[in-house]
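Subject: Structure handover

Hello,

Here is the structure I said I would pass on. My notes follow below it.

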Amino acid sequence: MRLWLALQQWWSGEAVLLWTDALLFLLLMALVAAYVHVRRDEPLRRSWRRVLGSAPAMASAIVLSVYILVALLDSLHFRPLQPAGESGERYEAGVLSVLDAALTPERTHTERSYSRPMAIRALEMTTVMDPDGLSRQEYPRLKYGGSHLQDPAQRGADLLAASARALAQAVLTTLLAWAAISGVLARRHGLSWRIAASGIPGRAGAVPWRTIMMTLLVLVSLGCLCAELGPRYHLLGTDKVGNDVLFQSLKGVRTSVVIGTLTTLLTLPLAIAFGVAAGYFRGPVDDAVQYLYTTLDSIPDVLLIAAMVLVMQAYMAGHAEGFSSVQQRADLRLVLLCAVLGITRWTGLCRLLRGETLKLREQDYVHAAQALGAGHLRILGHQILPNVMHLVLITVVMQFSGLVLAEAVLSYIGIGVDPGMHSWGNMINSARLELAREPAVWWSLTAALAFMLVLVLAANLFADAVRDAFDPRATRRSEEAGR
Amino acid sequence: MTAYIVRRCLYAVPILVGVNLVTFWLFFFVNTPDDMARLALGAKHVTPEMVAGWKQQHGYDRPLLFNSAVRGTGKLTETLFYRKSLRLFLLDFGSSDGGRDIGHDIAQRMGPSLAIAVPTLLVALAVEVGIALLIVMFRGSYIDLFALLICIVLMSISLLFYVIGGQYLIGKVWRLAPISGFGDGVDAWRFVALPVFIGVLGGVGAGVRVYRTYFLEEEGRDFIRTARAKGLTDGVVLFRHVLGNAMIPVLTGLVVVLPSLFLGSLIMESFFGIPGLGSYTIEAIQNQDFAIVRAMVFLGSLLYVLGLLLTDISYTLVDPRVRLG
Amino acid sequence: MRSTNIIAVLILAASDVAAAPWNNPYPAADATADVYYDSFEERPKHLDPARSYAENEGQFIGQVYEPPLQYHYLRRPYELVPLTVREVPTPIYQGADGRELPEDAPVGRIARTVYRFRLKAGIRFQPHPALARDSQGGFLYHALAHADLAAVHTLADLPVSGTRELVAADYVYQIKRLADPAVASPIAGLMFEHIVGLREYAERLRRLRTAARASGGFLDLRAHDLEGARVIDRYAWEITIKGKYPQFLYWQAMTFFAPMPWEADRFHAQAGLAERNVTLDWFPIGTGPFMLAENNPNRRMVLVRNPNFRGERYPADGEMEDGPAGLLADAGKPMPFVDRAVYSLETESIPRWSKFLQGYYDVSGIPSDSFDQAVQYTTAGLTLTEEMRRRGIRLLTAVSASTSYVGFNMLDPVVGGDGERARKLRRAIAIAADTEEYISIFRNGRGVASQGPIPPGLFGAREGEASINPYVYTWVNGQPQRRPLEEARRLLAEAGYPGGRDPATGRALVLHFDTSASGPDFRSTLDWWRKQFDKLGIQLIVRDSDFNRFQDKLARGNAEIFQFGWNADYPDPENFLFLLTGSQGKVRHAGENAANYSNPDFDRLFEQMRHMDNGPGRQRIIDSMVEIARRDGPWLWGFHPTGYTLMHSWYSNAKPNLMARNTLKYVRVDPVLRAVRRSQWNAPVWQPVAWFAAFLVAGLLAAIRVYRRRQRATAL
């Protein structure tokens, strides 16, 4: 519902396109194109069907798509319409994303300082002036968290009721989805709806419907819980300056997805072209490529990144007028960070591909193709590239998680994303000292770690399934086992 | 073979030249000596004359690439490029912007770095190979799946968290080891234990996963099936054949990191107050001591190139299929 | 030895475990040694008294080098007392004709002021190789050959050391060093303004050095006389300064004016030593109670008792409450009280705090994030928590003589300038930025919101209703209260930015906040600042950069709103008010006025105030200066931090002294009590290890069982 309103606001507002937005949507289009390609190509389709046939991969895929959806919603930026009657301006001054608009109560309900998850009182005592002029120490009620409650004792009951409502909604939604999917399936396979519906919970066909439904149920429940409790409580508490941790964690999704995908996007063409060419042609080509990547690679990553971030900051300080808003600045820094990370990262894959190609070109079928007089491009495209693609895929997903983790470390040294940007790395970094507090503040750290963990876990599981499906040797193994 | 090695050694020279040029560009064009002077002189009361004086004292008062003020070869040698960058090739690191002899510092700090890095590497290798073998023993079962899941969970946790958590629990709550610091001689082991433990813990997820893949790959080969068909037990097959063959990629993978052990671990050393090269680098970055960063970049590159050389040689030694192209 | 100690020794002897807790970061042999343990956060850059200007360096060289004067340890307000001289010199004023003027002569007639110092006899330098002589009386190490240097990496590699008596010439030698371009003293520029002939002297040295084609090297400064600093006889010297500058005596308590034996300069100038890090900037030589024995900034710095120290006595008097507080228990006893002081490198606040709680550091500040663990507010006010009191920890507080402020760059077209528009904009921001909230969130209430440039407690700061800044605060119920946000919004609208919208662009006004801050707390701080400007509808772009780029921005005037601070050099309002004078403007004069604020009235009053002695007249002028600054609002004012120090029960003679650096000699520790406490607090917890081992064994057993079963299954 809130999402719908937010999208309406976006539609009526003035669209703002940041660099990362553009790149993300470009990536999305590339994915759609890839999808179309896979649909046409029968062997690829078979492999992908195998990926989606595995239950963990399917669950991961759903989780990943939720993350990506959040990132995309957070990439639709706009300036909302100004309420009529104020000055002559048509649009408001600040830039929002659809996600910001959808999470408006969480975004704007900032407390003074720390509060525990779902708390109604602050974590720390403050001095309160009594009407009679005496000062006294107490844990003050929060400005927003649980402010609808007259009596603090009602909190438990209120939370329970809201959770029950959320769960009921979730079950209902999932049941509806189940019914709808059954309907579609029944239509497609010409079965009766009853049979299709009863087939879904079981393991009917190649698609693990049961897993899909369970994943959906969990995700929808979490979503409903946030929607139900979010506006009234700080579901995951607040941080040092009173910002909602849930909101920050959700905002962090986009940063991670951007770093994980855009860096790789920059990496891929370079790494593939150079790696394969070096391994295949050897000789001077190999020497040149090796020189390039060894030189870059032999500079320790952290130092190279640190040096480049300095350059970047100098550039941005010199061209301050180009970035009129906070978002634009942070965004550009993010793009540049991706570029810098990309420069230090492509070499790994490049070396891997070179090594693999070196091995492949000694294989019989390559010799055979050469003997048959096939051109270099043909061999590269038909014999070599398909046989190294699994490496590319695996590296891409492994790098995805690695990059998400690297961001935290870079922030620790102070050369990560813009400190004003919402990112899990920044959250973990500021939470470093919070754990040592007394009483310990664990929720920021836990929230960021949990969000990160789920994303990285899903990415890794998905990567494994992809590898199993695409690695020819693994396939051979499983076929042998099946015999 | 010898010719190959010689060729590879010569090959390292242009790489180091490339590194040298890149660093020179970053550290002299992007950050000018004026910036360095201002930082080195401290916050209070810095005047342009003092900046000039500092530059003179540290030898930064020369032109970057070409000195038209002197005659002969001095035109090229009396420049910052020659003085500050090319000299690195002679392992003459010069003195830091703070006035310290970098070569001496590096020599002193290498020990503590190795004291952390070598045990971490060895213990991690033993633990990871051990666990990976155990898992492979149960391949395809729920134990395998569960262990894999744990690995993935472990590797999706930030190293920072392990360090913070480990220091908090083991050092503070359980009081089993000093929270940070370093000792002399035999006394050092008390300080080394905690960082090594945490370093191993932080890498175990990814390591086990990788080794498991290696072992599974070997395990799927024909000769293993033959061995098994001969009636050898699973354990014997695993230890004798799978481990034996998989050690080739494992060990060659280690060779490349061997030289860089000298550089230490940035995060571990700075968190645990270990006076090694890693914390040296972090401090240099934070203090913006460009001379040290320059030296470390060069040293890092040098060691890395050495590692690559060793890897290539070991590859050709263990896998005759790779030709010396 | 007190009776408690005897019991403690018995306890210690009775338990073997007590000797060495597992987590002891120090050698077990030192367990009961008379050592003071502390830490340092960053490696000191300079240990040369002519160059060092940072707090973390003063911690070390303050114990080694002895300037002529020092601050009385106990008396407040801060008072200068003799350290190596017989008495605090009285200024002798001279007219333009060189004739002596009476003490109350008008400032305009005073052309020069002369300070005569008379040294105590019998003070000797610490043992040092530079002073070592051979049997013929020549210097042993002043002509080291290249071969001799091969094994030398620190001073300790030169086995023989010598000493000699401190003489007046050593003080004069150091003053000359301040002018030496090769030394690059940070106060050279400042002292050029005061010491007669120093600027010309520097120019002369520069020429000499260029002629000798050497930027370093030994230049015997004894051969070149300086007009403003002259040796009178073996034990007396005089310094002549231009005009009247009463604050000059404060400089005489700083290590810049500590004595330097020429032999040390000569020794370190030898070729080959500097390349081995054996420099004067790294190995101090002094007459103080301690000498730097181990100098390894990567790990620890160790000060040990100087065997040649003359045995200065602990002060016999102090403030009223010092006696009952036990601060006079050692009155008249020869100092120092500890044999060694070990400073370990500790870059992270968490480990540092944990080690303090474990008893491995004797004193500690309170990290912001552990504040609630250490201190709580009760009806009785601020007290230590139960946990701290159980450990016998004590608390000391002091408002430090420093200010942390947020400045506006007055040269900036938006926030700067003298117009009413900019003034209202600045005032609106000053009201909206809730400093009290900042102090309470980020400093746990450890600080006082500033009402002007002068920290409370210093001469010139007012109290009560007169103290408040009326442009930002109102006085309600005997408390300053921040003006309401509505007023800030109204001021902003009057300034031409209704609702924070910039009429020029039609969008939100964008301001830039420059800071060099970093660290984990940094992001929350920036978030907080953004929130403050958000209240007014102003967008804040935070430009964080490393410290030298930040300095660069300030120097070029590229900053807009910036965060900065100032620690007092000496307890005088002049040291704060000069931060706002036009002649100190950072962009135009490379001075310390980072806001580039310039108001002729203010500058005129400053010139008048700086020569005056403290009194009602000076107070009146200061009041009007502060009023001008408040009205123009070049700063957002910020706060004056309060220092909190925690000490263990075995640590005594602690009293915060914000001016003095040479405080280690007063410190007394009770090592036996410390050893007992340490072993009580640090018994290792083995349970988790046992659990872990049990878990491992169980897992292994289970694995073996499953393996066996599988083997049987496949065998079938």
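To begin inside chain B: the count of salt bridges between domain 1 of chain B and domain 2 of chain B is 0. The rule finds 0 residue pairs in polar contact across that interface as well, where both residues would need pLDDT 80 or more. Please keep in mind throughout that this is a predicted model.

Chain B: two domains

The two parts in question are domain 1, residues 11-90, and domain 2, residues 114-324, of chain B. Their contact involves 15 residues of domain 1 of chain B and 12 residues of domain 2 of chain B. Together these domains bury about 1200 Å², and 82% of that area is on carbon and sulfur atoms. On the domain 1 side, the elements of chain B that give two or more residues are helix 1 (2-30) and helix 2 (33-40). Helix 1 of chain B gives the most to this side, with 8 residues. By class, the side of domain 1 of chain B that touches domain 2 of chain B divides into 11 nonpolar, 3 polar and 1 charged.

Chain A against chain B

The contact between these chains takes 40 residues from chain A and 46 residues from chain B. Chain A and chain B bury about 4200 Å² between them, with 71% of it on carbon and sulfur atoms. The rule finds 0 salt bridges across this interface, but it does find 2 residue pairs in polar contact, both residues at pLDDT 80 or more.

Which elements of chain A give two or more residues to the side that touches chain B? They are helix 11 (283-297), helix 12 (301-318), helix 15 (376-413), helix 17 (443-470) and helix 18 (472-482) of chain A. Helix 17 of chain A supplies the largest share of that side, 10 residues. The side of chain A that touches chain B has 24 nonpolar, 5 polar and 11 charged residues.

Chain C: domain 1 and domain 2

Chain C is divided into domain 1 (66-276), domain 2 (412-423 + 436-643) and domain 3 (690-716). The centres of domain 1 of chain C and domain 2 of chain C, taken over C-alpha atoms, are separated by 38 Å. In the contact, 11 residues of domain 1 of chain C meet 10 residues of domain 2 of chain C. The area buried between these two domains is about 980 Å², and carbon and sulfur atoms give 55% of it. C:K244, C:Q247 and C:Y250 supply 44% of the area that domain 1 of chain C buries against domain 2 of chain C, more than any other three residues.

The rule finds 1 salt bridge across the interface of domain 1 of chain C and domain 2 of chain C. C:K244 forms a salt bridge with C:D613, and the closest N and O atoms of the pair are 3.6 Å apart. The count of residue pairs in polar contact between the two domains is 3, with both residues at pLDDT 80 or more. The residues of the side of domain 1 of chain C that touches domain 2 of chain C divide into 8 nonpolar, 2 polar and 1 charged.

Two residues of chain C

C:R618 lies in helix 20 of chain C, residues 616-632. Is C:R618 buried or exposed? C:R618 counts as buried because its relative accessible area is 1%, under the 20% cut-off. Leaving out residues up to four places away in sequence, C:R618 touches C:Q247, C:F459, C:D572, C:P573, C:E574, C:M609, C:R610, C:M612 and C:D613. C:Q247 is also one of the three residues named above for their share of the area that domain 1 of chain C buries, and C:D613 is the partner of C:K244 in the salt bridge. The side chain of C:R618 reaches the backbone oxygen of C:M609 at 3.2 Å.

C:S649 is in the loop between strand 23 (639-647) and strand 24 (651-652) of chain C. C:S649 is partly exposed, with a relative accessible area of 30%. Among residues over four places away in sequence, C:S649 touches C:R391, C:G392, C:R394, C:L673 and C:R677. C:S649 and C:D362 are 287 residues apart in sequence, and their C-alpha atoms are 8.8 Å apart in space.

Regards

How values were computed: Residues numbered from 1 in each chain as written. Chains lettered and ligands numbered in written order. Predicted model: local features only at pLDDT ≥ 70, side-chain atom pairs only at ≥ 80, totals over all residues. Heavy atoms only, no water. Contact = heavy atoms within 4.5 Å. Buried area = accessible area lost by both parts, 1.4 Å probe. Salt bridge = Lys/Arg side-chain N within 4 Å of Asp/Glu carboxyl O. Polar contact = N/O pair within 3.5 Å; in protein donor to acceptor, adjacent residues only side chain to side chain. Helix = DSSP H or I, 4+ residues; strand = E, 2+ residues; numbered from the N terminus. Nonpolar A, V, L, I, M, F, W, Y, C, P; charged D, E, K, R; others polar. Domains from an automatic or database assignment. Buried < 20%, exposed > 50% of the residue type's maximum accessible area, 1.4 Å probe, protein only.
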